[in-house]
Amino acid sequence: MKFLLEDDLLKQTKAEFKKYYKGDIIFSEGECSQFFHYLKNGELSVSNLTEKGKELLQHKVKAGSFFAEPAVLLGVGFPGNVEVCTDKAEIIKIPRDNFIKYLKENPEVLFNFTLSVANKSIKKSQLLKQIVLFNPEDRITQQLEDFKREMGQPGEKVLIQLTRKDLAHMTGLRIETVIRTIKKMEKEQKLEIVSGKIIY
C-alpha cells in the first residue's frame, strides 16, 4: 500500500533527503530513531537473525512506503535489520515530533497513515499463520500471491522478482525445500520457469 508524501508535508516537517547504496544498513535490530523513514526510490530488505544465525526475511520495503514507523512512534528499538538491496535507494527522513504534529493537524493524512500501518500489521499476522500452519507449497504460494497484489496484478501471470533465497527467508524454509517445492509446482503446471525465473 503506497503512501504519497505531499510537498506541503515535506516542507512543514523539515524533511531531509538521503541517498544510500546496495548493502548499506539503514537500521540494525534494537536501534532507535528520532526520524520517520520513507522510501522514495529503491528497495529494502527487513530481516532478523535466528539464534542459530540464520537470516529470516520479514519482508521487502517497496518505493512509496514508510518503514520502521511503529518503533519510531513508540520510541523503542526496531525489531529487525533494514538493508538496501538495490543499487541505490533514496530515503526521506522526517523528524518524529514534526511529523506527529503534522498528523494531528491533518486528519486525512493521519487516517491514510493509520491505514498503511494497519495493512502491514495484517500482513505480519498472515506471515505468522503461514509459518505455523501452512505446508511448504502453501507458504510459497502465499508469497507469490502477495507479490502479485503488491504489483497491482493479482489476476495475471507475472515475472516474480524474488529469488529462491528470498522465498526461503520469507517463508522460514530451507532453500533446498524451496527449490524442490518450486520444481514440483512447475511439474504440476502451477507456475512456469523461464530462464531460471518464476512466472506465476
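**Two domains and their sheets**

About 1,300 Å² is buried between domain 1 and domain 2, and carbon and sulfur atoms contribute 51% of that area; buried area is the accessible area (1.4 Å probe) that two parts lose on being put together, summed over both. The model is predicted, so that local features need pLDDT of at least 70 and side-chain atom pairs count only at pLDDT 80 or more, whereas totals for chains, interfaces and linings use all residues. Residues are numbered from 1 along each chain as its sequence is written, and side-chain values use heavy atoms, with hydrogens and water left out.

Domain 1 covers 7-134 and domain 2 covers 136-199, with bounds taken from an automatic or database domain assignment. Their C-alpha centres are 25 Å apart. Across the boundary, eleven residues of domain 1 are in contact with 17 residues of domain 2, contact meaning heavy atoms within 4.5 Å.

An open sheet of four strands follows the order β1-β8-β3-β6 with antiparallel pairing. Strands (E, at least two residues) and helices (H or I, at least four) are DSSP runs numbered from the N terminus, and two strands pair if DSSP finds at least two bridges between them. Because β1 (16-21) and β6 (65-67) each have a single partner strand, one side of each is left without a neighbour in the sheet. On average, neighbouring strands here are turned by 35 degrees against each other, direction ignored. Strand β3 (residues 35-41) is joined to β6 by three bridges, and His37 has Phe67 as its bridge partner in β6. Helix α3 (residues 96-105) packs on this sheet, touching β3, β6 and β8 (88-95), and its direction makes about 70 degrees with that of β8. Axes are lines fitted to C-alpha atoms, for helices over the stretch in contact, and angles run from 0 to 180 degrees between N-to-C directions.

Strands β4 (residues 43-49) and β5 (residues 55-62) run antiparallel and are joined by seven bridges, with Glu43 opposite Lys62 in β5. Five residues separate β4 and β5 in this hairpin, and Gly53 in the turn has a positive phi of about 85 degrees.

Helices α5 (residues 136-150) and α7 (residues 175-187) pack at about 80 degrees, with axes 10 Å apart. That makes α5 roughly perpendicular to α7 (65 to 115 degrees). The contact involves Pro136, Glu137, Ile140 and Thr141 of α5, together with Thr177, Val178, Thr181, Lys184 and Met185 of α7.

A further open sheet has three strands in the order β9-β11-β10, paired antiparallel. Its edge strands, β9 (159-160) and β10 (192-194), each pair on one side only.

Terms used. Parallel < 35°, antiparallel > 145°, perpendicular 65-115°, else oblique.
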